[in-house]
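Here is a short guided tour for the bench. Have the sequence and the 3D view open, and follow along section by section.

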Amino acid sequence: LAANMSNDDFVLFNNFKGSDVFTHYLGAGDDGVRYLGVEHLPTFFTRAILIDVAGYKNVSSLPANYIITVDDVLNALDVQALSMEDITQGDAVLLYTGWSGFLDTDRSTFLDWDTTPGIGEAVITELLFRTNITVIGSDTWGVDALGANEWGAHHIHMNCGGGFIHEALNLREWVMHARTSISPWIGAYVFQPLPVVGGVASPGNPIVIV
């Protein structure tokens with residue numbers, strides 16, 4: 001970062017300047033953000049669309065550093081008898097990679113920034129951004145393919161679109177039921193954020209009703 005930069009040089013969360021959010025430079029020493037803290041969020045209640053990328057690829061989990069592509073998303077939807085027409089404004093789009101299986105067997109792998117699979121930026125720019133969805137979620141630690149330096153969900157969906165991401169979701173039961181037609185691929189996403197004053201993230205246990 002340049003020595004003469006200020007908070008006005010940064011754009012965060014739906015095009016607010018850093019000076020709208022931080023008191024000190026980049027928030028160093030701040031007790032949370034001045035604006036856009038999670039305490040202002042309402043309960044989330046919206047449609048959820050599950051996209052089974054691991055199932056489409058016919059693997060138990062995507063390999064390390066795998067970047068989910070536009071074709072992966074479109075083809076996975078097609079296998080599920082869905083299309084982009086089924087994704088509408090306000091929805092929560094949840095992608096299953098199988099990576100969450102490491103939570104029970106190898107937690108250090110699950111949390112490894114350098115190896116987690118995730119979505120590529122093109123999935124945001126070419127498919128999801130124009131739909132005005134609210135949430136992009138996944139069963140991975142970061143949603144984006146962080147080890148491959150892909151940050152579309154963070155830098156575009158959140159910063160430019162004002163959307164949210166939901167990391168480390170337990171999607172396995174829903175996926176197993178949907179694969180055997182016990183449950184549909186579309187349900188209702190319900191989440192009550194913990195109202196951390198000045199927080200930029202919130203723990204919680206969302207549910208999906210199908």
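Is Ala81 buried or exposed? With a relative accessibility of 68%, Ala81 is exposed, because the cut-off for that class is over 50%. Please keep in mind throughout that this is a predicted model.

## Two residues with positive phi

Ala81 is a good place to start. You will find Ala81 in the loop between helix 3 and strand 5. Its backbone deserves a look too: phi of Ala81 is positive, about 60°, although the residue is not a glycine. As background, most residues other than glycine have a negative phi.

Leu26 also has a positive phi, near 55°, and is likewise a residue other than glycine. Leu26 belongs to the loop between helix 1 (18-21) and strand 3. The relative accessible area of Leu26 is 36%, so this residue is partly exposed.

## Three salt bridges

How many salt bridges does a search of the whole structure find? The search finds three. The general idea will be familiar: side chains of opposite charge can pair when their charged atoms come close.

Let's begin with Asp91 and Arg47, whose side chains meet in a salt bridge at 2.8 Å, N to O. Asp91 sits in the loop between helix 3 (70-79) and strand 5 (92-96), while Arg47 is in strand 3, so this pair ties together parts that are 44 residues apart in sequence. Asp91 is buried, with a relative accessible area of 2%, whereas Arg47 is partly exposed at 30%.

Next come Arg179 and Asp52, which form a salt bridge at 2.6 Å, N to O. Arg179 is in helix 8 and Asp52 in strand 3, so distant parts of the chain, 127 residues apart, are linked by this pair. Arg179 is partly exposed, with a relative accessible area of 37%, and Asp52 counts as buried at 4% relative accessibility.

The remaining pair is Lys57 with Asp72, where the closest N and O atoms are 3.6 Å apart. Lys57 lies in helix 2 (residues 53-57) and Asp72 in helix 3, so their salt bridge ties together parts 15 residues apart in sequence. Lys57 has a relative accessible area of 34% and is partly exposed, while Asp72, at 3% relative accessibility, is buried.

## The largest pocket

Which residues lie nearest the centre of the largest pocket? They are Ile165, His166, Glu167, Tyr189 and Phe191, out of 46 residues that line the pocket. Several elements give two or more residues to this lining: helix 7 (152-158), strand 8 (164-166), helix 8 (172-179), strand 9 (186-191) and strand 10 (207-209).

The space in the largest pocket comes to about 1200 Å³. Sorted by class, its lining holds 29 nonpolar, 15 polar and two charged residues. Helix 8, one of the elements in the lining, is also where Arg179 of the salt bridge with Asp52 is placed.

## A nonpolar patch on the surface

Now turn to the surface, where Phe45, Ile207 and Ile209 form a nonpolar patch. Together these three residues have about 330 Å² of accessible area. Phe45 is in strand 3 (residues 44-52), and its relative accessible area of 61% makes it exposed.

Strand 3 has come up before: Arg47 and Asp52 are both placed there.

## Two pairs to find along the chain

Two C-alpha distances are handy to check in your viewer. The C-alpha atoms of Ala122 and Val70 are 6.5 Å apart, and these residues are separated by 52 positions along the chain. Ala122 is found in helix 6 (residues 121-128) and is partly exposed, with a relative accessible area of 31%.

The other pair is Asp9 and Ser19, ten residues apart along the chain, with 8.6 Å between their C-alpha atoms. Asp9 is in the segment before strand 1 (11-12). At 46% relative accessibility, Asp9 counts as partly exposed.

Notes:
Residues numbered from 1 in each chain as written. Predicted model: local features only at pLDDT ≥ 70, side-chain atom pairs only at ≥ 80, totals over all residues. Heavy atoms only, no water. 1 Å grid on protein atoms, 1.4 Å probe; cavity = no way out; pocket = protein on both sides within 12 Å on 5 of 7 lines; lining within 4 Å. Points joined across faces, edges and corners; volume = space filled by probe spheres on them. Helix = DSSP H or I, 4+ residues; strand = E, 2+ residues; numbered from the N terminus. Nonpolar A, V, L, I, M, F, W, Y, C, P; charged D, E, K, R; others polar. Patch = residues over 30% accessible without salt bridge, like charges linked within 9 Å, V, L, I, M, F, W, Y side chains within 5 Å. Areas by Shrake-Rupley, 256 points an atom, 1.4 Å probe, with all protein chains shown as cover. Salt bridge = Lys/Arg side-chain N within 4 Å of Asp/Glu carboxyl O. Buried < 20%, exposed > 50% of the residue type's maximum accessible area, 1.4 Å probe, protein only.
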